[in-house]
Amino acid sequence: MNKNSFLFLIFTNLFFIHQSMAENISIAEASKKGLIQVQLSGNNKDSNRFISGYYGPCLLMQVENKGRNTLHLELENGRFLETADTNEQRMIVTQQELITLLPGKKKEIQVYAMCTQMHDRSPGEESLLAFGKMADGSLLELTRFIGKNHYQGLAGQEAIWVITDNNDLGSIYSGDDKEFNQLQQLVSKLTGKKIPPAPHRIEYAEGMVSGEIVFENKGKETYSFSMENEAGEIIGRFFEDKTIERPMVTTLNWRFRFKGFPKGVYYVKLKDSHQLVVASRPVVIN
């Protein structure tokens, strides 16, 4: 054996020794064992762009390795994240995160998650979340599909709510035809709900669109009802700050007159006092 081969053998052995000292473990299990210190909260850190409170990179995780070994950590797609406040939504992770963390080191990452309780408010910067159990069945299949295809927007969130809140399959909509069709088809297969006719399309001209939204009010709550473009800008209001005092199922019949609007997708949105979208319906102008 020559000198170079001997040195290569030494370095190779050192590499395998280092690898053997690393642990592969879920973040939830590592936290339970005290190997890491982790904090999960709402993500309001990026002031340069809009971050939804209930889907997309809506959570912020800070994790520190408290042990002596390198950790290979996994935050599983489909892991529930719970809050102590029963008025806040239970979240579910929709994109797997893999983190390698050396002893004593810290990392901060944005976590992709979605809401599983439509009528509760989203976690804020001061909210603290804890690791819950793993989802299973239809919900787990859907979150993995969302993560694999990176369908991390409102359409993916609406798909989650069809399963968790028994929403209508027609509430799922995306301007991306592939995303729209794939989500509707998968959720239809998972729930047995029939795919509704395509959204009502109108020509680019002056006219009027109308429809209805049915929603359940579970207690005293204040609502606003508006038409928005894809950027989330309000282009028309039906009403603002209207309070419903008692639990009831309510049907809202709406009409919207348009003239000279650019082609695109618009949304009729009902929001509660926390600006959480309670119901959303697409209108396509082309």
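Q: Leaving aside neighbours within four places in sequence, which residues is Ser174 in contact with?

A: A contact means heavy atoms within 4.5 Å. By that criterion Ser174 touches Ala155, Glu179 and Phe180, once neighbours within four places in sequence are set aside. This is a predicted model, in which local features need pLDDT of at least 70 and side-chain atom pairs count only at pLDDT 80 or more, while totals for chains, interfaces and linings use all residues. Residues are numbered from 1 along each chain as its sequence is written, and side-chain values use heavy atoms, with hydrogens and water left out.

Q: Where is Ser174 found, and is Ser174 buried or exposed?

A: Helices (H or I, at least four residues) and strands (E, at least two) are DSSP runs, numbered from the N terminus. Ser174 is found in the loop between α4 and α5. Buried means under 20% relative accessible area, exposed over 50%, and partly exposed in between, with a 1.4 Å probe and protein chains only. Ser174 has a relative accessible area of 7%, so Ser174 is buried.

Q: Which side chain does the side chain of Ser174 meet in a polar contact?

A: A polar contact is a pair of N or O atoms within 3.5 Å; within protein, one must be able to donate a hydrogen and the other to accept it, and residues adjacent in sequence count only if both atoms are side-chain atoms. The side chain of Ser174 makes such a contact with the side chain of Glu179, at 2.6 Å. A polar atom of the Ser174 side chain also lies 3.0 Å from the backbone nitrogen of Asp176. Asp176 in turn appears at the start of α5, where one of its side-chain oxygens reaches to within 2.9 Å of the backbone nitrogen of Lys178.

Q: How does the length of α5 compare with the expected span?

A: The expected span of a helix is 1.5 Å times one less than its number of residues. Helix α5 covers residues 177-191, 15 residues, so it should span 21 Å; its end C-alpha atoms are 21 Å apart, which agrees. Just after the helix, Gly192 takes a positive phi of about 85°.

Q: Which residues of α5 are buried, and what covers them?

A: An α-helix has 3.6 residues a turn, so residues three or four places apart point the same way. In α5 the buried residues are Glu179, Phe180, Leu183, Gln184, Leu186, Val187, Ser188 and Leu190. What covers them includes α3 and α4.

Q: What does the side chain of Thr116 reach?

A: The target is the backbone oxygen of Arg90, at 2.8 Å. Thr116 is found in the loop between β9 (113-115) and β10 (129-134). Its relative accessible area is 3%, so Thr116 is buried. Not counting residues up to four places away in sequence, Thr116 touches Phe80, Arg90, Met91, Ile92, Ile160, Thr164 and Asp165.

Q: Which strands does β13 pair with?

A: Two strands pair if DSSP finds at least two bridges between them. Strand β13 (residues 221-229) pairs with β14 (residues 234-244) in the antiparallel sense over seven bridges, and Glu228 stands opposite Ile234 in β14. β13 and β14 form a hairpin with four residues between them, and Gly232 in the turn has a positive phi of about 85°. Six bridges join β13 to β16 (residues 264-271), again antiparallel; there Phe225 stands opposite Leu270. Eight of the nine residues of β13 are buried.

Q: Why is Cys58 in no disulfide?

A: A disulfide is a pair of cysteine sulfur atoms within 2.5 Å. The closest cysteine sulfur to that of Cys58 is in Cys115, 9.0 Å away, which is too far for a bond. The count by this rule is zero disulfides. Cys58 is buried at 1% relative accessible area, and Cys115 is buried at 0%.

Q: What is the mean pLDDT of the chain?

A: pLDDT is the predictor's confidence in each residue, from 0 to 100. The chain mean is 84, and 85% of the residues reach 70 or more. Among the elements, helix α3 (residues 137-149) has the highest mean, 97, and strand β11 (residues 201-202) the lowest, 44. pLDDT stays under 50 over residues 14-20, for which the model has one contact beyond four places in sequence. It is also below 50 over residues 200-205, a stretch with 20 contacts in the model beyond near neighbours in sequence.
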